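Please open the structure in your viewer and keep the sequence panel beside it, because this tour moves from one selection to the next.

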Amino acid sequence: MAVEQTFVIIKPEAVERRLTGEILTRFERKGLKIQRLAVTEISKEVAKKHYAHHGDKPFFPHLIEAMTSGPVVLAVLEGDEAISQVRNLVGATDPAKAAPGTIRGDFALRLPYNMIHAADSPDAAQEEIQRFFGN
Ligand code: CDP
Ligand code: MG
């Protein structure tokens, strides 16, 4: 069991729907610790950098539009196997396929509006924490 840090973005549609507390509660109940937390807006430039690996996908423009449409909540979470634990709580990318009981399965209906981003590897987590929180 390795203690890890992971990074999440509670997306604009979730903040707009007042689901921030509900989502953070799920991570806390699981036993993860909130290490850093911020409310901010993401610029188009930063959103494009964050999703650069999807730059050639047909959904990219719509995704950037959605991520920059309002305030987001950024969090660093820590705990045993935090990266995979958080991805499990978040659920499958497509909310139409995400299992009930997961964040996306319970609160979202269709792409790109799946409520939350979560880092998918240790390297991605560290890069994203650096990008959004610095040091
Ligand atoms: O967020 P996750 O890592 O589960 O999925 P991804 O494949 O890295 O895609 C990033 C984001 O792009 C997703 O969270 C969706 O918001 C969006 N997306 C989309 O709109 N349509 C797709 N077919 C795939 C992803
Ligand atoms: Mg991803």
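Begin by selecting Arg18, which sits in the loop between α1 (12–16) and α2. What you have on screen is a predicted model, and in this model Arg18 has a positive phi of about 60° although it is not a glycine. Is Arg18 buried or exposed? With a relative accessible area of 67%, Arg18 is exposed, because the cut-off for that word is over 50%.

Now select residues 20–30, which form helix α2, and colour the buried ones, which are Thr20, Ile23, Leu24, Arg26 and Phe27. If you turn the view until you look down the axis of α2, these buried residues fall within an arc of 150°, so they line one face of the helix. The spacing in the sequence can be understood from a general property: an α-helix has 3.6 residues a turn, so residues three or four places apart point the same way. Just after α2 comes Gly31, and here again phi is positive, with a value near 115°.

Move on to Ile34, which belongs to strand β2 (residues 33–40). Ile34 has a relative accessibility of 25% and therefore counts as partly exposed, since that term covers the values between 20% and 50%. If you draw a distance from Ile34 to Lys97, C-alpha to C-alpha, you should find 28 Å in space for two residues that are 63 apart in sequence.

Compare this with another pair by selecting Ala119 and Phe7, which are 112 residues apart along the chain but have C-alpha atoms separated by 5.5 Å. Ala119 lies in the loop between β4 and α7, and at a relative accessible area of 0% it is buried.

A third pair to select is Pro61 and Ala75, which are 14 residues apart in sequence and 24 Å apart in space, again from C-alpha to C-alpha. Pro61 is part of helix α4, and its relative accessibility of 55% means that Pro61 counts as exposed.

Next, display the surface and look for the largest pocket, which holds about 520 Å³ of space. Such spaces can be found because rolling a probe the size of a water molecule over the atoms shows where empty space is left. The lining of the largest pocket is made of 23 residues, and those that lie nearest its centre are Tyr51, His54, Leu63, Thr93 and His117. The elements that give two or more residues to this lining are α4 (60–67), β4 (116–118) and α7 (122–133). Which of the elements gives the most to the lining? That element is α7, with 4 residues. If you colour the lining by class, you will see 9 nonpolar, 7 polar and 7 charged residues.

While the pocket is on screen, select His117, which is found in strand β4. At 10% relative accessibility His117 counts as buried, because buried means under 20%. The side chain of His117 also makes a polar contact, at 2.8 Å, with the side chain of Glu128.

Now show ligand 1 together with the residues that surround it, which are Lys11, Tyr51, His54, Phe59, Leu63, Arg87, Thr93, Arg104, Leu111, Pro112 and Asn114. Three of these side chains are worth labelling with distances, each taken to an oxygen atom of ligand 1:

- Lys11 has a side-chain N or O atom 3.0 Å from an oxygen atom of the ligand.
- Thr93 places a polar side-chain atom 2.5 Å from an oxygen atom of the ligand.
- Arg104 has a side-chain N or O atom 2.9 Å from an oxygen atom of the ligand.

Stay with the surroundings of ligand 1, and zoom in on Leu111 and Pro112, which are both in that set. A cis peptide bond joins Leu111 and Pro112, and its omega is about 0°. Pro112 is placed in the loop between α6 (103–107) and β4.

For the last stop, select Met115, which is found in the loop between α6 and β4. Met115 has a positive phi of about 80° although it is not a glycine. Is Met115 buried or exposed? Its relative accessible area is 3%, so Met115 is buried.

How values were computed. Residues are numbered from 1 along each chain as its sequence is written. Chains are lettered from A and ligands numbered from 1 in the order in which they are written. This is a predicted model: local features need pLDDT of at least 70, side-chain atom pairs count only at pLDDT 80 or more; totals for chains, interfaces and linings use all residues. Side-chain values use heavy atoms; hydrogens and water are left out. On a 1 Å grid over the protein atoms alone, a cavity is a set of points where a 1.4 Å probe fits but cannot get out, and a pocket is an open set with protein on both sides within 12 Å along at least five of seven lines; lining residues have an atom within 4 Å of a point. Grid points are joined across faces, edges and corners, and a volume is the space filled by probe spheres set on the points. Ala, Val, Leu, Ile, Met, Phe, Trp, Tyr, Cys and Pro count as nonpolar, Asp, Glu, Lys and Arg as charged, and the others, Gly among them, as polar. Buried means under 20% relative accessible area, exposed over 50%, partly exposed in between (1.4 Å probe, protein chains only). The arc is that of the directions from the helix axis to the C-beta atoms. A residue is near a molecule or strand if one of its heavy atoms lies within 4 Å of it. A polar contact is a pair of N or O atoms within 3.5 Å; within protein, one must be able to donate a hydrogen and the other to accept it, and residues adjacent in sequence count only if both atoms are side-chain atoms.
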